[in-house]
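User: I should like to go through this model by question and answer. Please reason briefly each time and finish with the value or name requested.

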Amino acid sequence: MKAVIQRVTQASVTINGVVKSEIKSGLLVLLGVTHEDTQEDIEWLCNKIIGLRIFGDEQGAMNLSVGDIDGDILVISQFTLFASTKKGNRPSFLQAARPEHAIPMYEEFVSTLSRKRNKPTYTGEFGADMKVQLLNDGPVTITIDTKNRV
């Protein structure tokens with residue numbers, strides 16, 4: 001799995017002109033799933049995201065997690081995170097998981113985040129043409145790949 005985590009003061013996702021989800025302060029997570037991903041990847045990535053200390057404390061130092069600030073999380077499926085641009089100018093998406101694997105993994109990721117935080121996780125819609133708006137705070141943007149844990 002690959003994730004792009006952005007600290008936001010607000011974020012929303014619109015599908016067919018209708019706002020499906022919106023959050024205030026928290027994290028926008030763009031999530032890509034590959035065919036090799038497992039439940040272990042979900043657990044590890046959820047723990048990493050929940051524990052990231054990227055919010056400012058009283059002194060402005062990044063010492064607080066999304067839970068510490070009671071922030072929200074919006075997760076958007078993003079198969080293009082697995083784009084390969086090695087050959088030519090048209091990206092290849094062969095490393096992105098097919099929907100029959102990606103959808104259950106995405107849904108389990110969202111469910112696991114909600115369960116671990118005891119708080120709803122907001123989403124877009126897998127496979128939909130989504131318009132994502134955000135106000136990146138900082139900006140702070142972190143990338144995580146579950147295959148590069150060391």
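User: Is Asn-118 buried or exposed?
Analyst: In this predicted model, Asn-118 belongs to the loop between α2 (99-117) and β7 (122-123). Its relative accessibility is 72%. Because the exposed class begins over 50%, the class of Asn-118 is exposed.

User: What is the phi of Asn-118?
Analyst: Most residues other than glycine have a negative phi. Asn-118 is not a glycine, yet its phi is positive. The value is near 55 degrees.

User: Which residue in the loop between β5 (62-64) and β6 has a positive phi?
Analyst: The residue in question is not a glycine, and its phi is about 55 degrees. It is exposed, with a relative accessible area of 57%. Its place is between β5 and β6, and its name is Asp-70.

User: Which residue does the cis peptide bond join to Gly-138?
Analyst: Most peptide bonds are trans. The bond that follows Gly-138 is cis, with omega about -5 degrees. The partner of Gly-138 has its place in strand β8 (residues 130-145), and this partner is Pro-139.

User: How many residues of strand β3 are buried?
Analyst: Strand β3 covers residues 26-32 and is mostly covered. It pairs with strand β1 (residues 2-15) in the antiparallel sense through 7 bridges, and with strand β6 (residues 72-77) in the parallel sense over 6 bridges. The buried count for β3 is 7 of 7.

User: Which residue of β3 stands opposite Arg-7?
Analyst: The pairing of β1 and β3 is antiparallel. Within β3, the residue opposite Arg-7 is Leu-27.

User: Which residue of β6 stands opposite Leu-31?
Analyst: Strands β3 and β6 run parallel to each other, joined by 6 bridges. Opposite Leu-31, the residue in β6 is Ser-77.

User: Why does Gln-6 count as buried?
Analyst: Gln-6 is found in strand β1. Leaving aside neighbours within four places in sequence, its contacts are Gly-26, Leu-27, Leu-28, Leu-134, Asn-136, Val-140 and Thr-141. Buried means a relative accessible area under 20%. Gln-6 therefore counts as buried, its value being 13%.

Definitions and conventions
Residues are numbered from 1 along each chain as its sequence is written. This is a predicted model: local features need pLDDT of at least 70, side-chain atom pairs count only at pLDDT 80 or more; totals for chains, interfaces and linings use all residues. Side-chain values use heavy atoms; hydrogens and water are left out. Buried means under 20% relative accessible area, exposed over 50%, partly exposed in between (1.4 Å probe, protein chains only). Helices (H or I, at least four residues) and strands (E, at least two) are DSSP runs, numbered from the N terminus. Two strands pair if DSSP finds at least two bridges between them. Contact means heavy atoms within 4.5 Å.
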